[in-house]
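Okay everyone, grab a seat and pull the model up on your screens. I'll walk you through a few spots I like.

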Amino acid sequence: MIMTWSRREEIFSKETMSITEFGEVMNLSYQMAARKIRDIKRTSARPQIQGVLLVEDFFDYYGITDKQRYAR
């Protein structure tokens, strides 16, 4: 699936993203996306929800400070 700007905005406009959505954003298989999400969650002090990644954790992990570029 090709990642479009509207799809990216849709994903990042929510508080969480699913494993499938993370895989779409990062162009990873489901298994690799799940593994990477576990790695990201290990670095976060926020309470975690099983099966989803907090968008704030994504931004923090990748050092993204200009969040306006991702969602409106």
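Let's begin with how two helices pack. Helix H2, residues 19-26, and helix H3, residues 30-42, pack at an angle of about 100°, and their axes sit 9 Å apart. That makes H2 roughly perpendicular to H3. Two packed helices are described by exactly that pair of values, the angle between the axes and the distance between them. For the details: axes are lines fitted to C-alpha atoms, for helices over the stretch in contact, and the angles run from 0 to 180 degrees between N-to-C directions. Under 35 degrees counts as roughly parallel, over 145 as roughly antiparallel, 65 to 115 as roughly perpendicular, and the rest as oblique. Helices (H or I, at least four residues) and strands (E, at least two) are DSSP runs, numbered from the N terminus.

Before I go on, two quick notes. This is a predicted model, where local features need pLDDT of at least 70 and side-chain atom pairs count only at pLDDT 80 or more, while totals for chains, interfaces and linings use all residues. Residues are numbered from 1 along each chain as its sequence is written, and side-chain values use heavy atoms, with hydrogens and water left out.

So, which residues meet where H2 and H3 pack? From H2 we have Ile19, Thr20, Phe22 and Gly23, and they meet Tyr30, Ala33, Ala34, Lys36, Ile37 and Ile40 in H3. Contact here means heavy atoms within 4.5 Å. In H2, the buried residues are Ile19, Glu21, Phe22, Gly23 and Val25. Buried means under 20% relative accessible area, exposed means over 50%, and partly exposed is in between, using a 1.4 Å probe and protein chains only. Those buried H2 residues pack against helix H1 (5-12), strand E1 (16-18), H3, strand E2 (52-54) and H4.

Now step just past the end of H2, to Asn27. Asn27 is in the loop between H2 and H3, and its phi is near 60°, a positive value in a residue other than glycine. Most residues other than glycine have a negative phi. Is Asn27 buried or exposed? At 70% relative accessibility, Asn27 counts as exposed.

Over to H1, and Arg8. Arg8 has its place in that helix, and it is buried, with a relative accessible area of 18%. Leaving out residues up to four places away in sequence, Arg8 touches Met3, Val25 and Tyr70. Tyr70 turns up again with Ile64, which lies in the segment after H4. Ile64 is buried at 16% relative accessible area, and with the same sequence neighbours left out it touches Phe58, Phe59 and Tyr70.

Next, charges. How many salt bridges are there? The rule is a side-chain nitrogen of Lys or Arg within 4 Å of a carboxyl oxygen of Asp or Glu, and the count comes to seven. Take Glu10 and Arg7, whose side chains meet in a salt bridge at 2.8 Å, N to O. They are three residues apart in helix H1, so about one helical turn separates them. An α-helix has 3.6 residues a turn, so residues three or four places apart point the same way. Glu10 is partly exposed at 46% relative accessibility, whereas Arg7 is buried at 18%.

In H3, the side chains of Arg42 and Asp39 meet in a salt bridge, 2.8 Å from N to O. Arg42 counts as exposed, at 63% relative accessibility, and Asp39 is partly exposed at 30%.

Then there's Arg46 with Asp60, a salt bridge whose closest N and O atoms are 2.8 Å apart. Arg46 lies in the loop between H3 and E2 and Asp60 in helix H4, so the pair ties together parts that are 14 residues apart in sequence. Salt bridges that share partners also join Arg7, Glu10, Lys14, Glu21 and Glu24 into one network.

Last stop, the surface. Met26, Leu28, Met32, Tyr61 and Tyr62 make a nonpolar patch of about 390 Å². Patches are made of residues with over 30% relative accessible area and no salt bridge, joining like charges within 9 Å and nonpolar side chains (Val, Leu, Ile, Met, Phe, Trp, Tyr) within 5 Å. The accessible areas come from the Shrake-Rupley method with a 1.4 Å probe, and for residues only the protein chains shown count as cover. Tyr62 lies in the segment after helix H4 (55-61), and it counts as partly exposed at 32% relative accessibility.
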